[in-house]
Amino acid sequence: MKKLISLFCLMLGLSSAQALAADTPVDIIKDGSRQVLDVLKQDNGKNTKQVRQQAETIAVPLFDFPRMTALAVGIGWRQATPEQRTQLTQQFQTLLVRTYSTTMTRFKTAQVNVQANPVISANGRDATVKSSVTLPGNANPVAVDYVLNKGDKGWKIYNVSVEGASLVTVYRNSFNEEIQKSGVDGLIKLLQDKNAAPGAAAPAAKGKG
């Protein structure tokens, strides 16, 4: 789970300007990775909050949070009303940003290698971009897959997998448990409570996706 957190942190710093200029999923990941490292390198220990806020502001438009939320909620998404879906998406987006942005500056010296040939599926609408990331103090690269979908607003990231562990699948396990106990409204309240707490925590990994 720590690896998953780490690599998602990097993507939270993507530059919207860079992504809009990119034509392909590979360009988005490659240019974005370079851009986020440039942003993180500006951290000098005194401006960490500012660096994080800058990364959050420019990164959020690059992710398809409604799609991510639907996949993370799973079957419960079909049971939810439009209003519940809106609340789930808002709360899940807040949870992800709060949880992962707080640690992103630890990875400002990471080395990112993006593979040139993505795996295209869904009649060209989905693309999986493979990369490897070498973290400071760890000689073994970590395999990271970014899954993107092409919609009306271009390519957007809707899942990140690290060594086969899918971000949305990890959350789906805990979300399904909560829905079974307390329904969709119970999950919304759980997310609201987590986001209102001083520090948001990531769920424990229970499987791969």
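What follows is a chat between a biologist and a modeller about the structure above.

Modeller: Quick ground rules: this is a predicted model, where local features need pLDDT of at least 70, side-chain atom pairs count only at pLDDT 80 or more, and totals for chains, interfaces and linings use all residues. Residues are numbered from 1 along each chain as its sequence is written, and side-chain values use heavy atoms, with hydrogens and water left out.

Biologist: Okay, what makes β3 and β4 a pair of strands?

Modeller: Strands (E, at least two residues) and helices (H or I, at least four) are DSSP runs, numbered from the N terminus. Two strands pair if DSSP finds at least two bridges between them. Strand β3 (residues 126-134) and strand β4 (residues 142-151) have eight bridges, in the antiparallel sense, so they pass by that definition. Val133 sits opposite Val142 in β4.

Biologist: And how do you know that β4 pairs with β5?

Modeller: Again by counting: β4 and strand β5 (residues 154-162) share eight bridges, also antiparallel. Gly151 faces Gly154 in β5, and the two strands make a hairpin with two residues between them.

Biologist: Why is Ser161 called buried?

Modeller: Buried means under 20% relative accessible area, exposed means over 50%, and partly exposed is in between (1.4 Å probe, protein chains only). Ser161 has 10% relative accessibility, so the label is buried. This serine lies in strand β5, and its C-alpha atom is 5.1 Å from that of Asp145, although the two are 16 residues apart along the chain.

Biologist: What about Asn159, buried or exposed?

Modeller: Asn159 comes out at 9%, so it is buried. Asn159 is in strand β5 too.

Biologist: What makes the link between Asn159 and Ser166 a polar contact?

Modeller: A polar contact is a pair of N or O atoms within 3.5 Å; within protein, one must be able to donate a hydrogen and the other to accept it, and residues adjacent in sequence count only if both atoms are side-chain atoms. The side chains of Asn159 and Ser166 meet at 2.9 Å, so they make the cut-off. Asn159's side chain also reaches the backbone nitrogen of Leu167, at 3.5 Å. Ser166 has another link: at the start of α8, one of its side-chain oxygens comes to within 3.4 Å of the backbone nitrogen of Val168.

Biologist: How do you know that helix α8 isn't straight?

Modeller: The expected span of a helix is 1.5 Å times one less than its number of residues. For 30 residues that gives 44 Å, but α8 (residues 167-196) spans only 22 Å between its end C-alpha atoms. There's a kink of about 120 degrees centred on Ser182. The bend at a residue is the angle between axes fitted to the seven residues ending there and the seven starting there.

Biologist: What makes a group of residues a nonpolar core?

Modeller: It's a set of buried Ala, Val, Leu, Ile, Met, Phe, Trp, Tyr and Cys residues joined through side-chain atoms within 4.5 Å. The largest one here has 47 residues, and those with the most contacts inside it include Leu148, Tyr171 and Phe175. Its largest share, nine residues, comes from α8.

Biologist: Why is the Phe92 and Tyr171 pair called edge-to-face?

Modeller: Rings of Phe, Tyr and Trp (its six-membered ring) pair if their centres lie within 6.5 Å; planes under 30 degrees apart are stacked, over 60 edge-to-face, and the rest tilted. This pair has centres 5.1 Å apart and planes at 80 degrees, so it is edge-to-face. Phe92 is in helix α7 and Tyr171 in helix α8, 79 residues apart.

Biologist: What makes Tyr171 and Phe175 a tilted pair?

Modeller: Their centres are 5.7 Å apart, with 45 degrees between the planes. An angle that is neither under 30 nor over 60 falls in the rest, so the name is tilted. Being four residues apart in α8, they are separated by about one helical turn. Tyr171 is buried at 1%, and Phe175 at 4%. Ring pairs link Phe92, Tyr171 and Phe175 into a cluster.

Biologist: Last one: what makes Ala122 and Asn123 worth a look?

Modeller: Most residues other than glycine have a negative phi. Ala122 has a positive phi of about 55 degrees, and Asn123 is near 55 degrees. Ala122 sits in the loop between β2 (119-121) and β3, and so does Asn123. Ala122 has 33% relative accessibility, so it is partly exposed, while Asn123, at 76%, is exposed.
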